[in-house]
Amino acid sequence: MDSSILPALLIALFIPILLHLVTRFKYSSYNLPPGSLGFPFVGQSISFLRALRSNTDHQWYQGRIGKYGPVSKMWLFGSPAVLMAGPAANRFIFSNKDLLFTGTRSMNLLSGRNILMLSGEELKQVRGALQNFLSPEMVIRYVSKMDEEVRRHVKVNWVGHKTVKVLPLAKRLTLDIICSVIFGQEAGSVREALATDFPAMVRAALSIPVKIPFTRFSRGLSASQRIRKLLRGIARERETLLQQQQAHGASAADDFFTYMLALRAEGAHSLTVEDIVDNAIFLLIAGYETTSVLITFMLWHLDKEPEVLSKITEEQDEIARNKGPEDALTWDDVSRMKYTWKVFTAQSVTHLDANIFPEPSNFDPARFENNSSIPPYCFVPFGGGPRMCPGNEFARTETLVTMHSLVTQFRWKLCCKEESYKKDPSPTPLLGLPVELEPRCLPENAHA
């Protein structure tokens, strides 16, 4: 054996042992919950990823809860973490405005310092700003813009096609919609620039943050840096334009950056341009990933539930019958989609406790018809308290506008009845959910 190889091997063995001892010593003086931090830097990341991608994450959680209880320490994606489960944990997290979230190292490097990582007065200021931007009053203004994006998307990507893959189309649609709201009139050019980099950044969210070339994290980090450079440039341009407009006694905020910069000028918050960019990335991720998955799985479930689909169709056809074929949806139309939204909330993955929801794996919209019967903090698809998702009304409206167009124009049938899914990081059909499309005649207009 080459004499230089043996020292290298000894060093390779010694470094992990040293890291393990240093980590144990560092946290030995803290009053931490039970559990194991595992191997330094990696911890439980690999086993957690394996569980997500084999769709056994619920069993993974239950295994830790059974071993350590509802609160336990671990190490995920480069950072120490705590697993908290159950209604009491939900209440503690969502009602505590002073609780500081740091995020995993991978998420911090990719998305920066956003609302999820703030606390106290800073959280109050930023949450207030985001809530105002995505408030029902503002969403009312966005409905026609959403409807325009959905109609354009469906005409190009669905009409005239015998089969489509739902997930990639849903992701492209939700990216188009959130870009139109965040970037205003320049949305078209920006979303084209984001089309490749943004999915790469999102896919890297659950990965071990090691900067090794060609790894998922390395590709995601490079994409994040390009996105950040693009958004930083847009923010600087809007800042200059806003200053010029204010110098002439006029300003118009039709995009997120101008809106946040105008609020800062009024003293409503003290975020830097970099902070505003971080929160723009947060809104992009939230508007792109979660809603597209929700729409995809609704089409999956509705293919198997003809009675539920029939009730949704009846509700949506009634709305369509009272409008002309070119009339855009309005807030009043969305407000009438009550049954459709109950069906959407039924497929959340947050209510798998059989002690609270009987047969939690079954698709059962009726379980949510009487929300008062659900114990507090047991069903929290949009968070709660001071940590309620500021975009919940936006997501609801975006989803309903999309489903109105799909339900009134098509019937669909799964191409692969046995398709399964993994979580990467959100639930992802392995084949992208290919479906066969059958056009429907639009309901006859009642006023024709």
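Is Cys 179 buried or exposed? Cys 179 is buried, at a relative accessible area of 0%. The close-ups below come from a predicted model.

**View 1. Cysteines without a disulfide.** The structure contains zero disulfides. Cys 415 takes part in none, and its nearest cysteine sulfur belongs to Cys 416, 8.5 Å away. A disulfide needs two cysteine sulfur atoms within 2.5 Å, so a gap of 8.5 Å between Cys 415 and Cys 416 does not qualify. Cys 179 has a relative accessible area of 0% and is buried. Cys 415 has 38% relative accessibility and is partly exposed. That value falls between the 20% and 50% cut-offs.

**View 2. The hairpin of strand 1 and strand 2.** Strand 1 covers residues 71–76. Strand 2 covers residues 79–84. The two strands run antiparallel, joined by six bridges. Follow one partnership across the pair: Ser 72 has Leu 83 in strand 2 as its bridge partner. Two residues lie between the strands of this hairpin. Phe 77 has a positive phi here, near 50 degrees. How many of the six residues of strand 1 are buried? Five are, so the rest of the structure largely encloses this strand.

**View 3. An aromatic pair between helix 7 and helix 16.** By the ring-pair rule, the model has 15 aromatic pairs. One of them joins Tyr 142 and Phe 394. Their ring centres are 6.1 Å apart, and their planes meet at 75 degrees. This makes the pair edge-to-face. Tyr 142 sits in helix 7 (residues 136–157), while Phe 394 sits in helix 16 (residues 392–409). The pair therefore ties together parts that are 252 residues apart in sequence. Both Tyr 142 and Phe 394 are buried.

**View 4. Phe 256 and Phe 257, an edge-to-face pair.** Here the centre-to-centre distance is 6.0 Å. The angle between the planes of Phe 256 and Phe 257 is 70 degrees. An angle over 60 degrees counts as edge-to-face, so this pair falls in that class. Phe 256 is buried, at 0% relative accessibility. Phe 257 is buried too, with a relative accessible area of 0%.

**View 5. A cluster of aromatic rings.** Which residues do ring pairs link into this cluster? They are Phe 133, Tyr 142, Phe 183, Phe 256, Phe 257, Tyr 259 and Phe 394. The cluster includes Tyr 142 and Phe 394 from View 3. Phe 256 and Phe 257 from View 4 belong to the cluster as well.

How values were computed:
Residues are numbered from 1 along each chain as its sequence is written. This is a predicted model: local features need pLDDT of at least 70, side-chain atom pairs count only at pLDDT 80 or more; totals for chains, interfaces and linings use all residues. Side-chain values use heavy atoms; hydrogens and water are left out. Buried means under 20% relative accessible area, exposed over 50%, partly exposed in between (1.4 Å probe, protein chains only). Helices (H or I, at least four residues) and strands (E, at least two) are DSSP runs, numbered from the N terminus. Two strands pair if DSSP finds at least two bridges between them. Rings of Phe, Tyr and Trp (its six-membered ring) pair if their centres lie within 6.5 Å; planes under 30 degrees apart count as stacked, over 60 as edge-to-face and the rest as tilted.
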